[in-house]
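Here is a colleague's note on a complex, set out as numbered points. Please read it with the sequence and the coordinates open.

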Amino acid sequence: MKLKIAIILILAGVLLAGCVSKQPAEVQPTTTVQPTKAPETITLNGAGATFPYPLISKWSSEYNKIKPDVQINYQSVGSGAGIKQITAKTVDFGASDAPLTEQEYTNVSGILQIPESIGAVVVAYNLPGIEKGLKLSGGVVADIFLGKITKWNDPKIVSLNPGIKFPDEPIVVAHRTDGSGTTFVFTDYLSAVSSDWKSKVGKGKAVNWPVGIGQKGNEGVAGLLNPKIISSQKYSIGYIELAYAKLQNIPYAYIKNKAGNFIEPTLETTASAAAGAVSTLPAGDASWSSVSIVDAVGNNSYPIGSFTYLLVYKDQTDQTKSKMLAEFLWWAVHDGQKYSSELLYVPLPEAVISLNEKTIKLMNYNGQPLIQG
Amino acid sequence: MNKSKLSFLRRRKFSGDLIFEGLVGLFAVFVLVIAFLLFRELYIESKLSRNAFGFGFLTGSIWDPVSEVFGALPFIFGTVVSSFLALIIAVPFSLGIAIYLSELAPEKLRAPLSFIIELLAAIPSVIIGLWGIFILAPFIRDYLAPLLSTYFGFLPFFQGPMYGLSMLTGGVILAIMIIPITSSISKEALLTVPTQQREGALALGATGWEITRIAVLPYARSGIFGAVILGFGRAIGETMAVTMVIGNSPRISESLFAPSYTMASVIANEFVEATSKLYISSLIEIGLLLLLVSILINIAARILVSRLLRVEGGGRA
């Protein structure tokens with residue numbers, strides 16, 4: 001027994017020695033310090049929505065080519081976390097798929113909301129035999145997601161699609177289960193077109209779904225809808241981002257807009273919806289909580305879309321950084337827009353860009369505007 | 001190891017000894033402190049939700065982030081039912097594996113087989129989840145569910161439409177995930193049974209099956225029970241794989257074919273985009289509940305195991 005204890009102690013001693021010798025290495029700071037580059041490099045930190053992440057990271061690399069001394073570091077942690085971080089001023093800019101609510105807006109005094117791109121949400125479906133051209137109206141989509149229309153051969157669906165033979169099969173509703181800007185846009189639309197939806201469910205990044213299966217992320221919902229994937233569920237319907245549907249070739253519905261036309265979701269038809277809403281947009285430093293481009297006017301407007309926003313403070317506190325930030329934002333809403341289409345984002349219409357110009361010119365350091373003009 | 005045996009060391013006053021004792025003591029306390037801080041943080045941060053809903057949070061079955069009405073019952077239901085389902089499936093498998101490995105398998109096979117089974121536990125749960133989505137869920141949807149509803153369709157558990165992503169799939173995935181831990185710990189418990197037990201039974205003319213049933217299994221009972229509880233604990237806390245296949249729908253249904261939702265899943269899914277304070281607070285309260293449930297299960301398991309040990313007369317195992 002004594003021998004055993006002695007052995008244990010020796011082992012412990014070795015362990016201890018190991019710990020001690022390792023300690024200096026562990027003390028070295030491993031967090032927060034940026035890899036040391038050229039000393040004059042400025043890093044602009046952003047955090048927020050996952051939806052614009054591919055676009056912002058494209059901007060980050062392109063802008064770095066033009067301005068090697070500026071590095072843009074964007075964490076796609078979700079709109080909620082983005083709003084939290086910009087409120088706590090731990091990042092230089094935030095990003096959100098939905099405009100700040102009235103309450104959030106008052107919490108963060110002096111915030112500017114800059115729409116930097118537009119996203120569209122499509123109603124995608126998995127219906128063997130009907131690979132293209134399904135037509136739906138807002139009311140019918142709302143009734144399907146409310147669980148009021150339960151079969152594909154419901155007269156309400158059939159009457160919108162003369163000439164298509166629908167199967168007598170139950171509709172499987174698929175929705176996002178994680179809090180998401182995509183859900184916000186979709187439920188915003190359903191609330192706009194169906195009073196029933198508005199009173200029973202409402203709009204939000206996560207809602208109390210009356211029916212259906214929930215999956216995480218666009219990829220999760222697409223896994224049910226994409227007929228080429230084994231996990232897909234026949235006779236299902238769901239909503240995903242336009243880019244996702246296009247890239248995976250998932251069939252999506254034409255949606256009846258306010259003017260009564262069935263519109264295919266494309267970059268052009270979504271941009272048209274945004275342009276139609278420009279006259280109603282507030283100033284960049286006002287509250288945008290009621291801004292919505294769903295169910296927009298215009299003959300060729302696709303009705304399910306939304307701006308996605310960058311959030312920055314009007315009164316900046318870091319002289320060098322703030323100048324860089326304002327210049328980057330200026331570049332993003334002008335030259336940066338040319339990278340949108342290839343990544344399947346909708347470029348901002350001219351009118352929104354000029355609104356953004358006014359907003360960015362509000363940014364100042366000690367009362368001095370950061371962009372002259 | 002009692003203190004009187006160590007006292008001779010104390011007298012010699014090794015300085016390294018003292019340092020070592022302090023250091024490992026610190027490690028032990030550290031764990032306690034973290035657990036306490038965790039609990040405290042969850043308790044404080046869930047205040048808003050606790051004040052708003054009180055005990056109604058446990059019994060409410062509506063989860064509506066838009067109108068800010070939060071009830072955790074569907075998630076508690078989903079967690080408990082899916083975990084029990086996992087146990088029902090996993091325990092017979094695990095026991096079989098354990099008995100085979102400890103009693104029946106040829107000597108040459110034992111080590112590699114145990115190694116492979118334990119390796120299963122090392123597969124990241126997101127990988128198991130992917131396999132669940134692409135292979136298991138379609139298989140259950142296309143083959144297992146029709147079979148079940150044909151032969152057991154009179155039971156309410158196997159009625160209604162089956163879309164692959166369901167409570168049943170969640171339970172099966174969880175079962176697969178807890179089999180490695182329950183089977184390997186059960187096997188260890190069986191291996192601690194003294195050979196004399198088996199020899200005694202053999203001498204009385206018992207067959208192989210009888211030896212296992214009469215002499216081995218009762219002896220290892222508490223260890224096996226502990227293994228099952230550990231598996232249950234793992235099932236309750238499992239997040240990723242189950243989120244991917246359970247269908248994430250906060251509704252209570254008696255059918256195992258219906259989608260469901262677990263406590264861990266709702267936190268993982270909704271926390272990132274939860275913006276209102278009450279919403280966040282409610283999610284944190286679910287975290288608190290999850291922690292409490294796991295602690296309660298572990299305490300219950302300890303009490304049961306120690307009681308079993310006492311019944312067996314101090315269990316030398």
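**Notes on confidence, contacts and burial**

1. In chain B, residues 313-317 have a pLDDT (the predictor's confidence in each residue, from 0 to 100) that stays under 50, and for this stretch the model has 7 contacts beyond four places in sequence, where two residues are in contact if their C-beta atoms, placed from the backbone, lie within 7 Å.

2. This is a predicted model, in which local features need a pLDDT of at least 70 and side-chain atom pairs count only at pLDDT 80 or more, while totals for chains, interfaces and linings use all residues. Residues are numbered from 1 along each chain as its sequence is written, and chains are lettered from A in the order in which they are written.

3. Chain B averages a pLDDT of 88, with 92% of its residues scoring at least 70; among its elements, the lowest mean, 55, belongs to H1(B), and the highest, 94, to helix H5 (residues 73-104) of chain B. Helices (H or I, at least four residues) and strands (E, at least two) are DSSP runs, numbered from the N terminus. For the complex, the predictor gives an ipTM of 0.78 and a pTM of 0.81.

4. Between the chains, 32 residues of chain B are in contact with 36 residues of chain A. Elements giving two or more residues to the chain B side include helix H1 (3-12), helix H2 (15-45) and helix H7 (125-152) of chain B, and the largest share, 5 residues, comes from H2(B).

5. In chain A, helix H3 (residues 79-87) has 8 of its 9 residues buried, that is, with 20 or more other C-beta atoms, placed from the backbone, within 10 Å of their own. Just after H3(A), A:Lys89 takes a positive phi of about 60°.

Technical notes
A residue is buried if 20 or more other C-beta atoms lie within 10 Å of its own, exposed if 12 or fewer, and partly exposed in between; C-beta atoms are placed from the backbone.
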